[in-house]
Amino acid sequence: MKLFIRWIQRVYARCLRLYPVHFREAFGEEMEDIFRQRTLEKLDGGWKVLGRFCLHEFFGLFISLFREHWTKKEVTMKRLVFSGQGSKVSGWGALSFGAAFILSESLSPPGYPGKLEAYFLGGLLGGFLFALMADSRKEIKWLALLGSLAFGGGHAVAAWFLNEIAPHLSTGSIGMLLVAIFLEPALVGTLIGLGIGILEKDWRTGIRLSVACALGFGGGPMVGYLMTVPIWGIAQAINSHGYTFGGHLIPWAMTLVNASVYVVAGMMGGAILGKTIQTVDTE
Amino acid sequence: MTLPDDFQSPLPLTEATYFILLSLAPEPKHGYGIMKDVLELSQGRINFSTGTLYGAIKRLLEQGWIVRVEETVSDSNGQMKKAYGLTEVGRRMLRAEVERLNTLVQVAQLRIAGETA
C-alpha cells in the first residue's frame with residue numbers, strides 16, 4: 001500500500017502540471033503537500049478509504065483544471081490582440097479559417113468567379129468560429145462580418161484579376177497556377193489583417209497584420225499542396241499498377257489534397273497572425 | 001439594517017465561500033487547516049478536494065476577500081506553510097452574509113409561528 005501511495009503522489013504531482021502556469025506557480029507546491037499529507041493519513045483506513053479518497057481528489061482536480069483553463073480563455077479581442085496569446089491564435093486560425101475555406105470551396109463550383117455568396121458564407125462561419133474559440137463574445141459579430149468580407153472580397157478580387165488581368169500577362173501556365181493558388185488566400189489574409197487593425201483602431205498593427213497574414217494565408221496552399229500531392233501521386237501509382245482499389249483512392253486523394261490545402265492555409269495564416277500579434281505585444 | 005450597495009451584488013455567497021470565510025474569521029489558516037475546519041463547520045457536508053479548494057482560494061484572492069499572510073503558520077508536523085487570512089472586505093462580506101441569513105431565518109420563524117398560532 002505504501003508503494004501505491006508513493007506512486008499516486010507522483011501521478012498527482014504530474015497532473016498538477018496540467019494547470020495553467022500562473023495557477024501552478026501560485027498553488028502547485030501547496031496542493032502537492034496537502035495531497036501527500038492526506039494520502040499518508042489514509043494509510044490506516046485501508047484500500048477502500050484510500051480508493052475513495054483518490055477518486056474524490058482526482059475528480060476534483062479535473063473539474064478544477066477545466067475551470068481554470070476555461071476562465072483563462074475568457075479574453076476580449078483587445079486583450080487577445082495585445083496580450084501575448086498569439087500562439088493560441090494559430091490553432092484557432094487553423095480550425096476556423098480552414099473550415100471557412102473548406103465550406104466556401106465545397107459550396108462553389110471550381111474555377112473563378114464561382115459563387116461569390118459561398119465565400120461570403122464561408123467567411124462568416126470562419127469569423128464566427130474564430131470569435132467563439134477566442135471567446136471574444138463582444139466582438140463576435142464584428143469578427144464574423146470581417147471574415148465574411150475578407151473571404152468574399154478576397155475571392156471577388158482574385159476572380160476579377162484572374163479573369164480580366166492575368167490573361168494579358170505573360171506569366172505562362174505555371175505562373176498563372178501560382179497566382180491562382182497564392183492570390184486569393186493572400187488577399188483574404190490582407191483583408192483580415194486590415195480589418196483587425198480597423199477594429200482595434202490601430203493602423204500600424206493593421207498594416208503589419210495584413211502583410212503577415214498575406215504571406216501566411218497565401219503561402220499556406222503552396223505548403224498544403226507540397227504536403228498532400230504525394231498522397232495523390234501514391235494513389236495514381238497504385239492505380240497504374242493495376243490495383244482496382246487505386247481507382248477509388250484517387251478521388252479520395254484529390255478531396256484530401258483540396259481540403260488539406262485550405263486547412264494548412266488556415267493554420268499558416270493563423271500561425272503568422274499569432275506570431276505577429278505576439279511580436280506586436282512584446283514591443 | 002440596510003446593506004451597503006457595494007455588498008449586495010455578490011450575495012448570496014455560495015456555501016463553499018461562506019464556510020471558507022467563516023473558517024478564516026478567527027485566525028489565518030493554511031490550506032489544509034481550512035479544509036479540515038470547513039469539514040467540521042459544515043458537519044461533514046462540505047468535503048473539499050485540493051483542486052476545488054485552491055480554485056476557490058484563487059478566486060477569493062482575486063476578489064480581495066482573503067490575502068496571503070506574510071508569516072507562515074506551522075502545521076502539526078512542524079513544517080512551515082503559507083497561510084491565508086481575511087481582509088477587511090472579506091470580513092464585511094462575511095458579516096453581510098450572516099445578516100442576510102439571519103433575516104431569512106427570522107422571516108421563516110415569524111411565518112411558522114403565525115401558522116401554528
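User: How much surface does chain B expose, and what share do carbon and sulfur atoms supply?
Analyst: This is a predicted model. In it, chain B exposes about 6800 Å². Carbon and sulfur atoms supply 53% of that.

User: And chain A?
Analyst: Its accessible surface comes to about 14900 Å². Of this, 69% belongs to carbon and sulfur atoms.

User: What secondary structure does chain B have?
Analyst: Chain B has 4 helices and 5 strands. Along the sequence they run α-β-α-α-β-β-β-β-α.

User: How many helices and strands in chain A?
Analyst: Chain A has 10 helices and 0 strands. Its pattern reads α-α-α-α-α-α-α-α-α-α.

User: What part of each chain is buried?
Analyst: Chain A has 283 residues, and 43% of them count as buried. Chain B has 117 residues, with 40% buried.

User: What about contacts between residues far along the sequence?
Analyst: Take chain A and its contacts between residues at least 6 apart in sequence. Of these, 72% join residues at least 24 apart. In chain B, residues 24 or more positions apart account for 52% of the contacts with a separation of 6 or more.

User: New topic. How many residues are in the largest nonpolar core?
Analyst: That core has 42 residues. I20(B) and Y54(B) have the most contacts inside it.

User: Which elements give two or more residues to it?
Analyst: Both chains take part. From chain A come α1 (2–16), α2 (21–41) and α3 (46–73). From chain B come α1 (15–24), α2 (31–41), α3 (50–63), β5 (83–86) and α4 (88–116).

User: Which one gives the most?
Analyst: α3(A), with 6 residues.

User: Is there another core, and where does it lie?
Analyst: Another core, of 14 residues, lies apart from that one. Among its residues are A100(A), L143(A), I196(A) and F217(A).

User: Back to Y54(B). What does it touch?
Analyst: Leaving out residues up to four places away in sequence, Y54(B) touches F23(A), F27(A), E30(A), M31(A) and I34(A) in chain A. In chain B it touches G31(B) and Y84(B).

User: How do α2(A) and α3(B) pack?
Analyst: They pack at an angle of about 140 degrees, with their axes 10 Å apart. The crossing is right-handed.

User: Which residues make that contact?
Analyst: On α2(A), they are H22(A), F23(A), F27(A), E30(A), M31(A), I34(A) and R38(A). On α3(B), they are T50(B), G51(B), Y54(B), G55(B), I57(B), K58(B) and L61(B). Y54(B) is also one of the residues with the most contacts inside the 42-residue core.

User: Switching to rings. How many aromatic pairs are there?
Analyst: The structure holds 10 over all chains.

User: Why is the pair of Y12(A) and F35(A) stacked?
Analyst: The ring centres are 3.9 Å apart and the planes are at 0 degrees, so the pair is stacked.

User: What does that pair tie together?
Analyst: Y12(A) lies in helix α1 of chain A and F35(A) in helix α2 of chain A, so the pair ties together parts that are 23 residues apart in sequence.

User: Are those two buried or exposed?
Analyst: Y12(A) is buried, and F35(A) is buried too. They form one aromatic cluster with F53(A) and F58(A).

User: What kind of pair do Y18(B) and F19(B) form?
Analyst: An edge-to-face one. The centres are 5.3 Å apart, with 70 degrees between the planes.

User: Why do those two count as buried?
Analyst: Buried means under 20% relative accessible area. Y18(B) has 17%, so it is buried. F19(B) is at 8% relative accessibility, so it counts as buried as well.

Conventions:
Residues are numbered from 1 along each chain as its sequence is written. Chains are lettered from A and ligands numbered from 1 in the order in which they are written. This is a predicted model: local features need pLDDT of at least 70, side-chain atom pairs count only at pLDDT 80 or more; totals for chains, interfaces and linings use all residues. Side-chain values use heavy atoms; hydrogens and water are left out. A nonpolar core is a set of buried Ala, Val, Leu, Ile, Met, Phe, Trp, Tyr and Cys residues joined through side-chain atoms within 4.5 Å. Buried means under 20% relative accessible area, exposed over 50%, partly exposed in between (1.4 Å probe, protein chains only). Contact means heavy atoms within 4.5 Å. Rings of Phe, Tyr and Trp (its six-membered ring) pair if their centres lie within 6.5 Å; planes under 30 degrees apart count as stacked, over 60 as edge-to-face and the rest as tilted. Accessible areas come from the Shrake-Rupley method with a 1.4 Å probe; for residues, only the protein chains shown count as cover. Axes are lines fitted to C-alpha atoms, for helices over the stretch in contact, and angles run from 0 to 180 degrees between N-to-C directions. A crossing is left-handed if the near helix is turned anticlockwise from the far one by less than a right angle, and right-handed if clockwise.
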